[in-house]
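Q: Please take a close look at the charged side-chain pairs here, and then follow the elements that they lead to. I would like the cut-offs behind each term stated as you go.

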Amino acid sequence: MREEEAAAPAVLLVCDYSLKYLGGAQTAFIRQAQALAASGVRVVVLAPDADELADAAASGIVTVAPPRRGTIPVLDLPLLGRARDLEPLVAATARRHDVDTIVVHSEFALAAAALAVGRRLGIPVLHTVHTFFWRAPAVLAPFAPVVSRVHRSLTGIADGGRYTGSHALNNALRTMTLRIAERADIVLSPSRHQAEALRQAGAGRVEAFSNVAQPLAVTDAPEDGPLRLLWVARFAPEKRVDVALDAMRLVVTKLGADRVRLDVAGGTHRPVPGVTFHGSVPGSRVAELMDAADAALITSLGFDNQPMVALEAFSHGRPVLVSDPVLAGEFGDAAIGTPGTDAEALASLIITLEADRSLLQHPRDAAVAYARERQPAEHVAALQRLAASVRP
């Protein structure tokens, strides 16, 4: 379809993170773009390395990649310049494609530019918060003023609410998110517990709004062989892979090495009995590993909002074993919470499930129900209703 023939307005999706690296935020962002396009909505993606979006042209998604000026160390964040310098690009993109809704998925210069343009042009801006629970080592707290200055310089945002519930660096990081959220027409939180934290911090109108679940691809769980578990996440301290590995050491000590197997997608090999490290794998391989598993593990604590691996597991009809009791509560019966937050508690649950796999049947059914309610068409319809509620 030629642009001049397109009658319907477009949705502009904006993200400061590179689409070359598919972390949870980027995965949620891309799946939302694909869901909108599949529903017949014109979609424009504005993000670093947007041209990396596979099959964008074939699916009708227009991609715009702002020039990169480098990378911010530690955060591995593309350096795009200051928000005021990005506003002309955002405004031109919005006008060219007749954008009537902007959805931002980040908290830096490009997101701030989109907020400013939306306000100036009268376009509703929805801000999806992928984590308000930024966490850094307390030993780095003296760097908090630097983080605040950099964010202020990039976004041009110098005032607003301030988070004060943690040490100085965590407060600075969470304040970044809060100040972007304060300027959005609606803040979207994929989880209820994060939505409540944002409201308490003063973010304004916050809606609990799930990320997009993959189309259902439910397969039968393995009927014989060892109990198989899958761990998929970034190899970062807050994801606590060592809890999963230590739990497996305890399980193998009690049951032997052939009754429970853990597949780990990502990271480098370590000599842990009962564990297979697969290194970095594409999404198709993760799907294969999920089909071979009985359940997925989520071992983070106090960090995650709505891990995309949970939605992927549910779409395949697999429940999740969750260390964080608050996060487990988000998923209802589709999650099985551990009796504590450490490796011993996880090992205890794994041993119980290995002895009686029928305990997984009800969570499997609940997982499919959870994913069914968050399919692409339902997500798009709900997003359109939210945008219409604040459209002039």
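A: The side chains of Glu196 and Arg199 meet in a salt bridge, with N and O at 3.4 Å; the term stands for a side-chain nitrogen of Lys or Arg within 4 Å of a carboxyl oxygen of Asp or Glu. Both residues belong to helix H7 (residues 192-201), where they are 3 residues apart, about one turn of the helix. Helices (H or I, at least four residues) and strands (E, at least two) are DSSP runs, numbered from the N terminus. Glu196 counts as partly exposed at 35% relative accessibility, and Arg199 likewise counts as partly exposed, at 38%; buried means under 20% relative accessible area, exposed over 50%, and partly exposed in between (1.4 Å probe, protein chains only).

This is a predicted model, in which local features need pLDDT of at least 70 and side-chain atom pairs count only at pLDDT 80 or more, while totals for chains, interfaces and linings use all residues. Residues are numbered from 1 along each chain as its sequence is written, and side-chain values use heavy atoms, with hydrogens and water left out.

Side chains of opposite charge can pair when their charged atoms come close, and the structure holds 19 salt bridges. Another of these joins Asp159 to Arg183, with an N to O distance of 2.8 Å. This pair links distant parts of the chain, since Asp159 sits in the loop between H5 and H6 and Arg183 in the loop between H6 and strand E8 (186-189), 24 residues apart. Asp159 is partly exposed, with a relative accessible area of 48%, and Arg183 is partly exposed at 26%.

A further salt bridge connects Asp294 with Arg364, whose closest N and O atoms are 3.8 Å apart. Asp294 lies in the loop between helix H9 (283-292) and strand E13 (295-298), and Arg364 in helix H13 (residues 361-372), so the pair ties together parts that are 70 residues apart in sequence. Here Asp294 counts as buried at 0% relative accessibility, and Arg364 is buried as well, with a relative accessible area of 12%. Returning to the earlier pair, Asp159 and Arg183 are joined with Glu182 into one network by salt bridges that share partners.

The loop that carries Asp159 begins after H5. Just after that helix, Gly156 takes a positive phi of about 75 degrees. H5 itself (residues 144-155) has 12 residues and reaches 17 Å from its first C-alpha to its last, close to the 16 Å expected at 1.5 Å a residue, where the expected span is 1.5 Å times one less than the number of residues. Its residues Ala144, His151, Leu154 and Thr155 are buried. They cover an arc of only 100 degrees around the axis, which puts them on the same side of H5; the arc is that of the directions from the helix axis to the C-beta atoms. What covers the buried residues of H5 includes strand E4 (70-72), strand E5 (77-79), helix H3 (83-96), helix H4 (109-121) and helix H6 (168-182), judged by contact, that is, heavy atoms within 4.5 Å.

Strand E13, which follows the loop of Asp294, leads on to another helix, as E13 is among the elements that cover the buried residues of H8, together with strand E10 (227-232), strand E11 (260-265), strand E12 (275-277) and helix H12 (343-355). H8 (residues 241-255) has 15 residues and reaches 21 Å from its first C-alpha to its last, close to the 21 Å expected at 1.5 Å a residue. Val241, Val243, Ala244, Leu245, Ala247, Met248, Val251, Val252 and Leu255 are its buried residues. Gly256 follows H8, and its phi is positive, near 95 degrees.

For a setting apart from these charged pairs, consider strand E1 (residues 10-14), which is mostly covered, with 5 of its 5 residues buried. Ala10, Leu12 and Val14 point one way from E1, whereas Val11 and Leu13 point the other way. E1 pairs in the parallel sense over 5 bridges with strand E2 (residues 42-46), and pairing requires that DSSP find at least two bridges between two strands. Leu12 stands opposite Val44 in E2. E1 also pairs in the parallel sense with strand E6 (residues 99-104), over 5 bridges, and there Leu12 stands opposite Ile102.
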